[in-house]
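Hi there,

Here is the structure I promised to pass on to you. Have a look at it first, and then read my notes below with the picture open beside you.

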Amino acid sequence: MSIENKKTVEIYERKAATYLKTTIEHDKLDEEKAKRKKEKLHNFIKTNLDSLEKGSKVFEIGSADGENAKYIKELGYNVTASDIADAFIDETKSKIENTIKFNVLEDDFKDKYSAVFAWRVFVHFTKEDLDIALNKVYKALENGGIFIFNIMNRETKTCDEEWVDFPNEYHMDAERYYKYFLEEDVNNLISKTGFKIKSFHKEGGDNKNKWLVYVLKK
Ligand SMILES: C[S@@+](CC[C@H](N)C(=O)[O-])C[C@H]1O[C@@H](n2cnc3c(N)ncnc32)[C@H](O)[C@@H]1O
């Protein structure tokens with residue numbers, strides 16, 4: 001676990017309430033936009049989990065407010081929600097009983113899963129952290145299992161990494177570590193794991209961020 005991730009997690013522990021509050025407040029500024037964004041993500045999740053039988057085990061890394069895990073549960077999957085920060089676990093537990101404290105960089109998965117989902121989590125990972133996470137998830141998946149994640153795109157940025165506090169959505173009153181990845185660097189790490197890239201696309205996000213979105217298959 002890098003010092004960058006460790007320090008960022010300390011901020012999440014201290015500032016989780018601010019994060020949850022500003023996310024809700026930001027969504028209220030333009031409820032239609034927030035709804036469209038949520039629907040887009042839900043459609044993406046549904047489409048990519050569709051090949052799995054209902055009841056299949058799905059693990060979410062870094063659930064934070066638990067909204068994505070809640071949706072995955074509603075789709076009929078057996079979801080395990082998780083977060084490294086205790087401050088988020090209570091929030092997620094109110095939606096998903098099966099919520100555990102889990103640091104993907106240091107803890108072992110206790111089960112095998114049909115799919116693992118990590119949304120906006122690896123933005124706080126160094127390249128070495130990402131390498132560890134990819135290999136751990138690979139081991140935790142059943143053969144044919146799916147790993148869905150996104151990561152921030154370096155192409156639209158002027159640096160590889162920075163400590164930043166966004167002014168609008170996700171504002172936290174404290175700077176967190178952000179890593180911006182080149183597609184070829186992520187692809188190189190993936191190629192060393194055994195994963196095949198099932199689908200890949202780039203998309204825009206708030207705060208002028210661009211994302212690399214991966215669906216991998218074991
Ligand atoms: C930007 S938030 C995203 C939350 C949620 N996935 C979403 O899309 O709304 C990043 C989350 O990653 C979690 N996180 C950061 N480092 C982690 C690690 N090493 N292991 C597990 N979770 C981690 C944080 O606690 C936080 O909940």
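Let's start with how the strands pair, keeping in mind that this is a predicted model. Strand S1 (residues 57–61) and strand S2 run parallel, and three bridges join them. If you want a spot to look at, find Val58, which stands opposite Val79 in S2. To get from S1 to S2, the chain passes through helix H3 (residues 67–74), and this β-α-β crossover is right-handed.

On to the next pair. S2 also pairs with strand S3 (residues 99–101), again in the parallel sense and over three bridges. Here Ser82 is the residue to find: Ser82 stands opposite Ile100 in S3. The path from S2 to S3 leads through helix H4 (residues 86–93), and this β-α-β crossover is right-handed.

Is S2 (residues 78–83) mostly covered or mostly open? Mostly covered: of its six residues, five are buried.

Now for the ligand. How many residues surround the ligand? There are 19, and the closest are Gly62, Ala64, Ile84, Ala85 and Trp119. By type, the shell around the ligand divides into twelve nonpolar residues, five polar ones and two charged ones. Helix H1 (residues 3–29) gives the largest share of this shell, with three residues.

Helix H5 (residues 127–140) is a nice one to study. With 14 residues, H5 reaches 20 Å from its first C-alpha to its last, close to the 20 Å expected at 1.5 Å a residue. Which residues of H5 are buried? They are Leu130, Ala133, Leu134, Val137 and Ala140. These buried residues are on the same side of H5, because they cover an arc of only 130° around the axis. Try turning the model until you look along H5, and see if you can spot that side.

One last residue to look for is Thr126, in the loop between strand S4 (113–118) and H5. Why does Thr126 count as partly exposed? Thr126 has 18 other C-beta atoms within 10 Å, and a residue needs 20 or more to be buried and 12 or fewer to be exposed, so Thr126 falls in between. Thr126 also has a partner from far along the chain: Ser2 is 124 residues apart from Thr126 in that sense, yet their C-alpha atoms are separated by 6.9 Å.

Enjoy exploring, and write back with any questions!

Best wishes

Notes:
Residues numbered from 1 in each chain as written. Predicted model: local features only at pLDDT ≥ 70, side-chain atom pairs only at ≥ 80, totals over all residues. Near = placed C-beta within 6 Å. Helix = DSSP H or I, 4+ residues; strand = E, 2+ residues; numbered from the N terminus. Nonpolar A, V, L, I, M, F, W, Y, C, P; charged D, E, K, R; others polar. Pairing = 2+ DSSP bridges. Right-handed = clockwise from strand over helix to strand, strands pointing away. Expected span 1.5 Å × (residues − 1). Arc of directions from axis to C-beta.
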